[in-house]
Structures are given as structure tokens and as C-alpha cells.
Amino acid sequence: MSEASLGKNQICQKIRAPGAPLEKAVVMLEKARLAAIKAYTRHKPDVVEGYEAIRAFEDAASKVEAPNLRIREDSLTVRAKDGYEIPCRTFTPLDISLSLKEGATVEEDWEGTVVFFHGGGWVTGQVDLYADFCKDAALALKRRIVSVDYRLAPESRFPVPAEDCYAVTKAVMEGQVFSDVVPDHVVLMGDSAGGNLAAAVALMARDRGEFSPKTAIFYYPVLNNDYGPSAPFASVAENGHDYILTAEDLQEYLMLYSEHPDDLQCPYLAPWLEGDLTGLPRTLILSAELCPLRDEDEAFAKRLSDAGTPAACYRMRDAMHGYLLYPTSAETTKISLGICRSFLDGEALTQGTDSTWLEILGIA
């Protein structure tokens with residue numbers, strides 16, 4: 001059963017025989033699933049003490065990767081301003097003609113190029129862990145994906161990860177990575193801490209004036225700097241204890257990412273603090289209903305819109321933070337990519353018989 005892809009009513013419609021009382025059973029299964037998630041959340045490793053173990057687990061998990069003959073994969077590096085070579089992995093969708101007369105053809109840039117920053121609280125996560133999502137996104141969006149393996153904290157604290165992401169985006173925009181890139185067709189994309197980094201790159205690009213991305217997509221991004229008892233958003237208390245990512249985790253990730261207390265007041269670390277949201281890319285934010293970041297994500301989209309920056313926001317119902325990586329949320333991810341297609345290319349956005357998303361701000 002999907003985390004958010006099929007609501008309880010839709011599941012029942014699919015499996016109920018006439019007169020069979022299965023809806024109650026489905027509700028019981030849902031309660032059991034949530035109870036298991038809550039139990040795991042309360043006993044999972046502490047971020048500060050366990051991030052190395054989390055990295056080891058993710059490294060092992062990333063070895064199980066589904067091959068896809070419709071994607072060409074390549075590796076490359078981009079030089080950071082301090083000389084470090086930032087590894088990147090690219091995923092190019094292939095338009096293969098099976099006609100023996102025409103042969104096989106490849107379209108490179110298709111509709112554009114996505115620069116993707118993975119999640120993991122700036123501390124964990126890696127390009128290989130997100131490879132399956134990047135393949136699906138490349139095909140669904142008809143865009144090449146450049147996935148950035150930025151340096152991680154606490155070994156490399158703020159602003160190093162943000163600067164790595166900025167350097168790769170700049171190289172892509174300037175045609176240093178691919179000669180056929182159209183700058184106006186480049187999309188910034190990230191989930192969780194990667195969404196934070198995408199927002200930071202957008203702010204840095206506007207402030208520095210070296211390049212100007214036109215479009216951004218953030219999945220459940222980290223945008224603020226306070227998830228303690230004084231956190232200003234209700235979803236932190238509502239969802240910050242039972243759904244894998246906790247408020248305590250967020251505080252610890254911020255502690256590991258920031259070099260000095262003053263860093264927490266910098267909008268490049270906490271984009272919510274930026275007072276001027278004009279001049280930023282047209283932005284889509286996908287929030288998750290059971291995520292502690294839900295309210296700040298939706299409020300940020302509203303602030304962008306109020307500042308005159310075109311913005312859209314959709315809440316994925318019953319979804320938890322990090323759903324892009326959950327096999328049980330494959331349908332939710334697929335639906336999210338449909339929203340992204342609608343945002344990028346104007347495709348019609350359809351809703352299922354049982355609502356899987358809630359429109360907070362419509363496609364702008």
C-alpha cells in the first residue's frame with residue numbers, strides 16, 4: 001500500500017467485492033502501518049551519533065539500483081572555487097527509434113536540463129541513492145538530469161555544500177558541462193536539504209548576478225532555522241515526533257551543518273529569513289501532509305507569490321517527508337512528477353477519484 005498514492009476509499013474501491021466489509025480491514029491495516037512508522041521513529045538512530053551508520057546503510061542500499069535502457073548515464077566533475085572536483089552523475093533520456101531504416105536517434109537536451117540536489121540533512125544522502133528517482137524524473141519530464149554529489153557536513157559545513165551546488169549550476173548554465181544547454185531551460189530541483197540548497201542557489205544567483213535560473217522545483221524543502229519549542233509553524237509540533245523525520249532531527253541537522261551560530265541567521269542557510277523574495281525563479285513547492293516542514297513550505301510559496309514571484313504549491317496527502325525514496329510511495333512520486341510536468345510544460349493536471357493532492361497555490 002502506498003504512503004500517499006491511494007487513499008483508503010480508493011483502495012477499498014479497487015479490492016472490495018460487492019457486500020464484502022473490507023473497508024474496516026483497510027483502515028485497520030493503515031493504523032498498523034502508522035503504528036509501525038511511529039515505533040521506528042522513536043527507536044531510530046540519533047542523527048549526531050548515528051550519521052555515519054546512516055551513510056553506511058545508504059551506501060549499501062544504493063547498490064540495489066534498477067537498470068533502465070532508456071537512460072544513458074555518465075559521470076563528470078565540476079571544479080569548485082577552492083579547487084575541489086565536485087562529482088556529478090548525469091541521466092539523459094534516450095529517444096530510441098526501432099526502425100532499421102532510421103536507426104537509433106538520441107535527443108540530448110529535450111525540453112531542458114534539471115540540476116538536482118539530493119536530500120539528507122546536508123549530512124547524509126548521495127547521488128547513487130537517488131539514481132532511480134533521477135531516471136524516472138528524466139523520462140517523465142523529458143529532461144536531462146545533472147545530479148550533484150556535493151560535499152557533506154559535518155566534514156564540510158556551511159557554506160561549502162551550497163557553494164558546491166552553486167558552482168555546478170553556474171557551470172551548467174554557462175555551457176561548461178554540456179554545450180547544448182539553453183540557460184532559460186535549466187531547472188533547479190531538490191528534495192529536503194536539497195530543496196534548501198536549490199533555494200540557496202536561487203538566492204545566491206540573484207544576489208551575485210552571474211546567472212539567472214528561470215525555474216525551480218522544491219520537494220518538502222528545509223527553509224527555516226528553528227524546530228524547537230518556539231518553532232513558529234504548527235506542523236513542527238503536529239508532525240515532528242511520529243513520521244521518521246522529527247523536530248529533534250532537524251535541530252541536529254542544523255547543528256551539524258552550521259559552522260557558527262551566526263550561520264543560522266543567513267538566508268543562504270535558512271531561505272525563510274530572506275526579506276526580499278523578488279527576482280527569484282518561477283517556483284513549484286511540493287509539501288507532504290505528514291511532514292514537520294509542511295506549513296513553512298506552504299507559507300514560503302505564499303510569500304513568493306505575494307512578492308510577485310510566480311509560485312505554485314501542492315500538498316501530497318498522507319505523504320511523509322522523504323517520500324521520493326520510499327518504495328511504498330512510488331505512486332505518490334509518479335503523481336508528483338505529473339504535477340511537475342504540468343508546472344513545466346502546461347500539461348493538464350488531473351485528480352484521482354480519491355484526492356491524492358491538495359492545491360495550496362495553483363499552477364502559475
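Ring pairs link F116, Y130, F133, Y219, Y220 and Y323 into a cluster. The model is predicted. Across it, the count of aromatic pairs comes to 12. One of them is W122 with Y257. Their ring centres are 4.4 Å apart and their planes lie at 10 degrees, so this pair is stacked. W122 and Y257 come from distant parts of the chain, 135 residues apart. W122 sits in the loop between β3 and α4 (131–141), and Y257 in helix α8.

Y219 and Y220, both in the cluster, give another geometry. Their ring centres are 6.2 Å apart and their planes stand at 65 degrees, so the pair is edge-to-face.

The table lists the burial of these four ring residues and of two further residues taken up below.

| Residue | Relative accessible area | State |
|---|---|---|
| W122 | 1% | buried |
| Y257 | 0% | buried |
| Y219 | 0% | buried |
| Y220 | 0% | buried |
| T215 | 12% | buried |
| D295 | 18% | buried |

**The sheet**

What is the strand order of the open sheet? The nine strands run β1-β2-β4-β3-β5-β6-β7-β8-β9, with mixed pairing. At the edges lie β1 (71–79) and β9 (357–361), each paired on one side only. From one strand to the next, the twist averages 20 degrees.

Strands β7 (residues 282–288) and β8 (residues 311–316) run parallel and are joined by six bridges. Within this pairing, I285 has C313 of β8 as its bridge partner.

Two helices that pack on the sheet can be described in turn. Helix α5 (residues 160–173) touches β1, β2 (85–93), β3 (113–117), β4 (144–148) and β5 (186–191). The direction of α5 makes about 170 degrees with that of β3. Helix α10 (residues 330–345) touches β5, β6, β7, β8 and β9. The direction of α10 makes about 160 degrees with that of β6.

**Strand β8**

How many of the six residues of β8 are buried? Six of the six are, so the strand is largely enclosed by the rest of the structure. In a regular strand the side chains alternate between the two faces of the sheet. Here A311, C313 and R315 point one way from β8, while A312, Y314 and M316 point the other way. Both sets are buried, R315 included.

**T215 in β6**

T215 belongs to strand β6 (residues 215–219). T215 is buried, because its relative accessible area is 12% and the cut-off is under 20%. Beyond its neighbours within four places in sequence, T215 is in contact with V186, V187, L188, P281, R282, F343 and L344. Of these contacts, V186, V187 and L188 fall in the range of β5 (186–191). R282 falls in the range of β7 (residues 282–288). F343 and L344 fall in the range of helix α10 (residues 330–345).

**Helix α8 and its packing**

Two packed helices are described by the angle between their axes and the distance between the axes. For helix α3 (residues 47–61) and helix α8 (residues 247–257), the angle is about 80 degrees and the axes are 10 Å apart. The two helices are therefore roughly perpendicular to each other. On the α3 side, V47, V48 and Y51 make the contact. On the α8 side, D249, E252, Y253, M255 and L256 do so. The residues of this contact divide into six nonpolar, no polar and two charged.

Why is α8 described as largely enclosed by the rest of the structure? Because eight of its 11 residues are buried. They are A247, D249, L250, E252, Y253, L254, L256 and Y257. These buried residues pack against α3, α5, α6 (193–208) and α7 (234–239). Y257, the stacked partner of W122, is one of the buried residues of α8. D249 and E252, which take part in the contact with α3, are also among them.

**D295 in α9**

Is D295 buried or exposed? D295 is buried, with a relative accessible area of 18%. D295 lies in helix α9 (residues 294–306). Leaving aside its neighbours within four places in sequence, D295 is in contact with F233, A234 and S235. A234 and S235 fall in the range of helix α7 (234–239).

Note on methods. Residues numbered from 1 in each chain as written. Predicted model: local features only at pLDDT ≥ 70, side-chain atom pairs only at ≥ 80, totals over all residues. Heavy atoms only, no water. Helix = DSSP H or I, 4+ residues; strand = E, 2+ residues; numbered from the N terminus. Buried < 20%, exposed > 50% of the residue type's maximum accessible area, 1.4 Å probe, protein only. Contact = heavy atoms within 4.5 Å. Pairing = 2+ DSSP bridges. Axes fitted to C-alpha atoms, helices over the stretch in contact; angles between N-to-C directions. Parallel < 35°, antiparallel > 145°, perpendicular 65-115°, else oblique. Nonpolar A, V, L, I, M, F, W, Y, C, P; charged D, E, K, R; others polar. Phe/Tyr/Trp six-rings, centres within 6.5 Å; stacked < 30°, edge-to-face > 60°.
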